[in-house]
Amino acid sequence: MNCEVLATCSALGYLEGETYHKEADCLESVKDLIRYLRHEDDTRDIRQQLGAGHILQNDLLPIISQHGGDKPLFDACIRLMVNLTQPALLCFGKVPDDPALRHHFLQVTSYLQAYKEAFASEKVFGVLSETLYNLLQLDWEQRQEEDNLLVERILLLVRNVLHVPADPYEEKNVDDDASVHDKLLWAVHMSGFDDLVKFLASAQSEQQWCMHVLEVVSLLFRDQTPEALVSAGHARSAQEKSRDLTELEVLRQKEQAEKRSRTLQRGTRHSRFGGTYVVAGLKAVGNEDVVYHRGIHNFKNYSHDAGKAVRRVPKRHRRARDSEGQRRSALNVRLFLREFCVDFLENCYNHLMYLVKEGLIREQAQQHDETYFLWALSFFMAFNRGNGFRADLVSETMSIRAFHFIERNITNYYEMMLTDRKEATSWSRRMHLALKAYQELLLTVNEMDRSRDDTIRQSSNVIKSNIFYMMEYREIFLTLLRKYDETKQPQSFLRDLVESTHLFLRMLERFCKGRNNLMVQKKKVRKRRNRPQKKSTPETDPEVLEETWKIVSEELRAAGFQLSAGVTEAVVPFDAASEVSLEDQRSQTVVRVQDALMARLGPEALGLLRAAREVWPEGDVFGPADVEPEDELELLKQILHATLPRSAPPEVPAEEDEEGPEYEEEELESVQVSETDFNFLDFIKRFAQPAIVRPYVLLLKTYSTNSPHTNHCIARMLHRLAVDLKMDALLYQLSVFSAFNRILSDPAAAAYKELGTFAKFVVSRFLVVAARNDKAFIELLFWKNVGTVHEMTEGYGKEGDGSKTKVAWTEEEEEELRSLFLEQRDSEVPDPVEALLPLLGATRSRRQVVLQLVHMGLVESAKQLKKHKVGTGIVLWTEQQEDELEMLYEEFKDSDDVLGNMLRKTTAKRSRARVVDKLLSMGLVSERRQLYKKRGGGGGGGGGPRKTAAKGSGKSSGKSSGNSMTEEDFLADLTGEGADEDHEEEEEGSSESDEETFEERRERVTSSDGGARRRTQEPGVGRGPDVGPMLHSLKQEGLAGPLLWLQNCLNRTADDREEDSLSQPVPLVPLSEDNEDAMEKRSFQKLLRKLGLRGPANEQETFWRIPERLSPDQLRGAAAALTPGEELPAGGPEPQEEEEEEEEGEVEGEVGASSHEQRSEAIRALLLARKRKPPPKETDDSPPVEDRAETPVTESPHGSRRSKQEKPSVKRRRVLDDEDEGEDEDEDMASPGPLVMDSGGDSDRETVAAPAKRRRQAALIDEDDEDE
């Protein structure tokens, strides 16, 4: 021992008999020892010297026992003992690989075991308990920081002592005998320390010690099993007795079999002949028959490996060893622990587990502290199951959150086991803990199913429906079985995994039997590939550039080089927040000017040039400040003809194209979540793969040491594969048959009757297959997948089985192929391979022919013989094809499937997308939805299919939409069903057409007159789409409040965008429960789409959003579309409104509706239909269309519509003359122009919607000014 350490230890005091006499400088000596330990070396020399000197046993424990009143000395001794009892693994960091350091590690461990034996004293724990009790008696305000530190140190000291491992060489006790750990537990119990632990776990004011308490509790129950504690103090049950009898019977049968074999080996008399035999047919090394020098009765044990040296297995290939086994403690200790479990479950479990879980989620605990949580969950829930199950005692951990927490930890442990290979064993043990916790959750849910309480059974059904719905919970066992590694995971892990899988499948099967169909979540990982895009370079043809410059220069000269305010404000050449340098931004601005000129956007290019001149005046790169317009024009011409350096465009992920060139591609994964019907048999098919069968066979080899339940789980899974799925050929493998042979030849085979019966079934099935397939015995050497199983049982290379067996080409076939290919190539047929296939017969596929041609050197690559898609080469439409398309549309426009019938009849085959685009460009249809398949009749006894081709504002071959609308279409519009069903068809239509926003529909009302592009405006600039029927149905559902909330959100966003001049997506966050419920309704979501709002784009988004592309005017128009038009201002209707009400009354008589609601819907639909068409020329005595559309329609308190019978003739004539306009209206529809809005009457008298109306009129006037 070091002299300084020895002197310090001598200054502590001395023990005389049972009395300890401390020295005067005892406190300073303890502090010196603490300081020495702080500066010890890597071999932990100070710690070893103090352990060898028995300082803790002879000095520290007597000091705290006899001089506990000296508080500073007591605190210092506790600090020193906490340091001395630290686990050796914590001192060295890990188990050292160096032999010298490993020796020091084992030496420190032996000293810790001696400390543990010294602590097994009631007197020592009595002092600790009394001190801790006095500290806990103090109120929170009276407790000092030193008191909290002392409480923590006492808990850490007890934790360290309980953590010391047992010495396997010293403690060779049998079960029910008291070990050192049992003595320590008894001292804890007798001192009352266990009651203090329960108080700390349940007290609200002591929540900060939750992790320390959980560690102490987990170490108290080390080496214990819940089953042993439940049965402590009770007589053995009938089940336990039968299990013991079965084990004894197995042992007796084995012993009798060994006696019989020994009796058969001994002859009746001694033979002087030693026994030398020649084994015929069994060759030795020298190619001669084997000579056997032993008795003939021993020949069955003969092996070629006899006498050979055992081959050493590399360390990395050795099987992982199980942790130390369980032992049964003394009866009095088990009884005390049983009572502790009962009290802990009733008073502490839910509270403590909640605190620990919150600490783990908020990452307030130390690393790997979740393992204590997992152990406590599995141990106490198992004890609760065995000790009269009560669901309320474990309610905190019986939830979906617990399943999710454990599943996430299992996944994390597996990933760490792969990445941290040096600590793979530790991660494997943690994953085993998580698996046992998951298994216990399933067992508890299964126990809840058997409860007599309906509430508990209903709760279990809710939990099961959630875990069976989520794909992660269903496939966790598939993943663990497939990834099982026997070198890192012990056999006990595999045993628990097999039993958990059996339990999960049994629960899932029982859950599916009581239901006709079960919807589950399905996640599909779609891999997209990054392909480098071709570098887009502008057109550099001199003739094209000259033509472009001519158009641009004429446009600028015609405008007098003057730019509108909108163009000037929209141009931003410089971004101060960008990370791109000023020089790079200047170069990019020149390129942007050139791009604008290429696109023939002269004003934009000139505006960008002038704005860039103000930002970068130096160097006159964009011209001097006082440049003349003609000089600016010359500068633009130089920029247009210049060759500018362009940066490569960013790569955009594109979908895989089979016909495209072969790039080196980077795969990107995207997860798509959907729902599908669950089929239990299909789920079992996922287990039919060698990677899952192999772990079962590995566990089957240890059938004799497995429990009967484990063997049953193995047999049940193999039975599912061999019998239920009829894939018994999966088990045709030599290692499986070797295990079957051992089971059938076992003397105690009667104890494994289930396994024996199954083994006989599989072997008999194999013999049947071997009689048909002479290669079956060769197949025994290999594991087989599903395809190989099919080939083995049904025949190799059988037609229709999808086999890819390669058939060799003979010389005659190659010569024939050569001559035919050269002949077809010389004839210049577009696809020589397609012409070759009929000549070669039906035995060869196109792929085989192409590969053989490449192999023979007739073509350089298979790309030269790629099969061209039909119609991919057709780009331009001839005049005859356009006439044919128009004729086919006229023929099938009233059918249920317009596009499908047209595609079947066209002579030039083209894709659906090109045909749709051509129909839109020719003006035969105005919307893609007009080409969707039509559904059956709506409701109310309608007979045939609804005709939707003639609806809307689109024209059909010169016919007016007003003339082509039938009565059925009109009535369908009245009920509002058309818009809803059309929208549903749009959602379920082909993937070629995306959902239209309100802005896209508004921009599509554009016509080209003489090649000039002119923007036109729908009636009511800034006004939202036609949502009248949808608003009516939503209000009937009680969604008036959410509609008002949506309108306020749109108006607020419009105001914000006007003030900030910035646009960014704004989420719609429903704060009230009514708004949240409305956002989940499909009808409300249809309204949002109709207004141009965007739903969540991916799984990262939750809320709907107002897109950034919607301007303030458009937002106000959408909000105005939501304005309820069914209330009149207080004061009665005004004269203009009275005339419109009179007009509506006349129209109701024409339609013939019976109820007031139908009449109001009919008038609203008629007004909306008139809004879609350009209005006829306005007269002085007729109000504008905008005013009629905005006219409120209200009802009197008695339910009758209020209308004055004044001026009926003019209004009715206006309504009825709409259908007689004929050709004049067609011309108007062909080229709609901007509407001139009338203010409509006296400006002093305004309706409720007057402010919104003024904003729309102002937006329309601005739009007209820009067009002019």
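**View 1. Helix α49, residues 1112-1121, is largely enclosed by the rest of the structure.** This first close-up, like every view here, comes from a predicted model. Nine of the ten residues of α49 are buried, so the helix is largely wrapped by its surroundings. The buried residues of α49 are Pro1112, Gln1114, Leu1115, Arg1116 and Gly1117, together with Ala1118, Ala1119, Ala1120 and Ala1121.

**View 2. Helices α4 and α8 cross obliquely.** Look here for α4, which covers residues 55-66, and α8, which covers residues 122-137. Their axes come within 9 Å and cross at roughly 55 degrees. That angle makes α4 oblique to α8, and the crossing is left-handed.

**View 3. Histidine 54 sits in the loop between α3 and α4.** Helix α3 covers residues 45-52, and histidine 54 is found in the loop between it and α4. The phi angle of histidine 54 is near 55 degrees, a positive value in a residue other than glycine. With a relative accessibility of 39%, histidine 54 counts as partly exposed.

**View 4. Helices α9 and α12 run roughly parallel to each other.** Here the pair is α9, residues 145-163, and α12, residues 210-220. The two axes come within 9 Å and cross at roughly 25 degrees. Angles under 35 degrees count as roughly parallel, and α9 and α12 are therefore described that way. Their crossing is left-handed.

**View 5. Glu40, Arg44 and Arg47 are linked in a network of salt bridges.** Side chains of opposite charge can pair when their charged atoms come close. In this view, glutamate 40 forms a salt bridge with arginine 44, and their closest N and O atoms are 3.8 Å apart. Are these two partners buried or exposed? Glutamate 40 has a relative accessible area of 14%, so it is buried. Arginine 44 is buried as well, with a relative accessible area of 17%. Arg47 also belongs to this network of salt bridges. Across the model, the count comes to 32 salt bridges.

**View 6. Glutamate 447 and arginine 450 meet in a salt bridge.** The distance from N to O between these side chains is 3.8 Å. Glutamate 447 counts as partly exposed, at 22% relative accessibility. Its partner, arginine 450, has a relative accessibility of 57% and counts as exposed.

**View 7. Arginine 457 and aspartate 454 form a salt bridge within helix α20.** The side chains of arginine 457 and aspartate 454 meet with an N to O distance of 2.1 Å. How many residues apart are they in the helix? The two are three residues apart in α20, residues 454-469, so about one helical turn separates them. Arginine 457 is partly exposed, at 29% relative accessibility.

**View 8. Methionine 353 and cysteine 210 are 143 residues apart in sequence but 8.6 Å apart in space.** That spatial distance runs from C-alpha to C-alpha. Methionine 353 has its place in helix α16, residues 349-361. At 1% relative accessibility, methionine 353 counts as buried.

**View 9. Glutamate 363 lies in the loop between α16 and α17.** Helix α17 covers residues 370-386. Glutamate 363 is not a glycine, although its phi is positive, at about 55 degrees. Is glutamate 363 buried or exposed? Its relative accessible area is 70%, so glutamate 363 is exposed.

**View 10. Methionine 471 and lysine 522 have C-alpha atoms separated by 6.2 Å.** Along the chain, these residues are 51 residues apart. Methionine 471 lies in helix α21, which covers residues 471-482. With a relative accessible area of 16%, methionine 471 is buried.

**View 11. Leu734, Ile778, Leu781 and Phe782 make a nonpolar surface patch.** The patch has an area of about 420 Å². One of its members, leucine 781, lies in the loop between α33 (776-779) and α34 (786-794). Leucine 781 counts as exposed, at 53% relative accessibility.

Notes: Residues numbered from 1 in each chain as written. Predicted model: local features only at pLDDT ≥ 70, side-chain atom pairs only at ≥ 80, totals over all residues. Heavy atoms only, no water. Patch = residues over 30% accessible without salt bridge, like charges linked within 9 Å, V, L, I, M, F, W, Y side chains within 5 Å. Areas by Shrake-Rupley, 256 points an atom, 1.4 Å probe, with all protein chains shown as cover. Salt bridge = Lys/Arg side-chain N within 4 Å of Asp/Glu carboxyl O. Helix = DSSP H or I, 4+ residues; strand = E, 2+ residues; numbered from the N terminus. Buried < 20%, exposed > 50% of the residue type's maximum accessible area, 1.4 Å probe, protein only. Axes fitted to C-alpha atoms, helices over the stretch in contact; angles between N-to-C directions. Parallel < 35°, antiparallel > 145°, perpendicular 65-115°, else oblique. Left-handed = near helix turned anticlockwise from the far one by under 90°.
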